[in-house]
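Please take a moment to look over the sequence and the 3D structure before reading on. The paragraphs after them are meant to be read slowly, with the structure open beside the text.

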Amino acid sequence: MKLFIDVGNTALKWRRRGGDNIEQGGGTHRRDWETALREPLASSQPFESVWIASVAGAEADARIGALISEATGLAAEFYYSVRNDFGVHNCYPEARRLGVDRWVALIECHRRHGAGIVVDCGSALTIDAVDENGAFLGGYIVPGLGMLRTALLRDTADVHVGPGQAGLGLGQSTGECVHNGLLRMSVAFVTDVVVELRERLSDTCPVLVTGGDARELSASFPFDFDLQPDLVLDGLERVAARQK
Ligand SMILES: Nc1ncnc2c1ncn2[C@@H]1O[C@H](COP(=O)(O)OP(=O)(O)O)[C@@H](O)[C@H]1O
Ligand SMILES: CC(C)(COP(=O)(O)O)[C@@H](O)C(=O)NCCC(=O)O
Ligand SMILES: [K+]
């Protein structure tokens, strides 16, 4: 049994693979690693390896590693961004500083499509591009929908909203103004970048969309895209498969 874990700033997502049998799950972790790891580690079969792509920080990674060793007797394999891997070239001055979720998603995108655009609608909304030669062209990091809403409500005295279905039209209540405004801002940003990148790469360059808000945001995307909710886990599993 192999275990793959994608640790983001809000959610921990996991995949257990035993031969052809796959089980997956995930949820918000609130940095309570013991609780967040309980379900992925609850397997009657022994683990042969545990692979982790984490952007939760060094302290979290140390704690997660210790909990996994306690539960499995294994040293978890933490994969971090590097200069070159799987034909992808990392453009960052310090390769390791690139979020490994972005890195493994780019690897998976490049291996499947050559050139591609990755939109990760998570705690942060990131957009990254890789060309047909594997050059990571760069990207953007902006607050995700949840973070935008939290910040707006935290830093204003009289903006109060409940849950609501967002559209792109003019809001006619506080809730609609907030929900529709945040959605439209996020969709407009992604659309602007995709249109420009499709002029630079190719007008049929695939756009892979992942992350907790992918369904909500992509419902309003005016361009064609490919929803890939497990892109980070897929990329991590590809990396792990190389190391026997
Ligand atoms: N600060 C926040 N307040 C409320 N919701 C948030 C906040 N940060 C993230 N979220 C929500 O949690 C989910 C995180 O997306 P996901 O991609 O699953 O996690 P991660 O960013 O941890 O990889 C998104 O649906 C996002 O809207
Ligand atoms: C940009 C991110 C916060 C996105 O993480 P997430 O929203 O999935 O929690 C993460 O990729 C990260 O911590 N990156 C490090 C900085 C960088 O990529 O430049
Ligand atoms: K993520």
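What follows is a walk through the largest pocket and then through the surroundings of the two ligands, one after the other.

Keep in mind from the start that this is a predicted model, and that each value below was computed from it. A helpful way to begin is with empty space, because rolling a probe the size of a water molecule over the atoms shows where such space is left. In this structure the largest pocket holds about 1200 Å³ of space, and its lining is made up of 49 residues. If you want to find the middle of the pocket on your screen, look for G8, N9, V55, D101 and S123, which are the lining residues that lie nearest its centre.

Which part of the chain gives the largest share of this lining? That share belongs to strand β3, which spans residues 21-28 and contributes 5 residues to the lining of the largest pocket. When the lining is sorted by class, it divides into 18 nonpolar, 20 polar and 11 charged residues.

We can now turn to what occupies this space, starting with ligand 1, which sits in the largest pocket. Two elements give two or more residues to the shell around this ligand, namely β2 (11-18) and α4 (145-154), and of these α4 provides the largest share of the shell, with 3 residues. In total 13 residues surround ligand 1, and the closest of them are A11, K13, S123, T150 and D213. Sorted by class, the shell around ligand 1 consists of 2 nonpolar, 9 polar and 2 charged residues.

Three polar contacts deserve a careful look, and they involve both side chains and backbone. In the side chain of K13, an N or O atom is 2.7 Å from an oxygen atom of ligand 1, whereas S123 uses a backbone N or O atom, which lies 2.7 Å from an oxygen atom of the ligand. For T150, the partner is a nitrogen atom of ligand 1, which is 2.8 Å from an N or O atom in the side chain of that residue. On its own, ligand 1 has 560 Å² of accessible area, and the protein covers 73% of it.

Ligand 2 brings us back to the pocket described above, for the space that it takes is again the largest pocket. Around ligand 2 there are 14 residues, of which N9, Y92, D101, R102 and A124 come nearest. At least two residues of this shell are supplied by each of α3 (100-113) and β9 (124-130), and by class the shell around ligand 2 divides into 5 nonpolar, 6 polar and 3 charged residues.

Here, too, oxygen atoms of the ligand meet polar atoms of side chains. A polar side-chain atom of Y92 lies 2.5 Å from an oxygen atom of ligand 2, while for N9 such a distance is 2.8 Å. In the side chain of R102, an N or O atom is 2.7 Å from an oxygen atom of ligand 2. Of the 460 Å² of accessible area that ligand 2 has on its own, the protein covers 81%.

Terms used. Residues numbered from 1 in each chain as written. Chains lettered and ligands numbered in written order. Predicted model: local features only at pLDDT ≥ 70, side-chain atom pairs only at ≥ 80, totals over all residues. Heavy atoms only, no water. 1 Å grid on protein atoms, 1.4 Å probe; cavity = no way out; pocket = protein on both sides within 12 Å on 5 of 7 lines; lining within 4 Å. Points joined across faces, edges and corners; volume = space filled by probe spheres on them. Helix = DSSP H or I, 4+ residues; strand = E, 2+ residues; numbered from the N terminus. Nonpolar A, V, L, I, M, F, W, Y, C, P; charged D, E, K, R; others polar. Near = heavy atom within 4 Å. Polar contact = N/O pair within 3.5 Å; in protein donor to acceptor, adjacent residues only side chain to side chain. Areas by Shrake-Rupley, 256 points an atom, 1.4 Å probe, with all protein chains shown as cover. Sits in = over half its atoms within 2 Å of the grid points.
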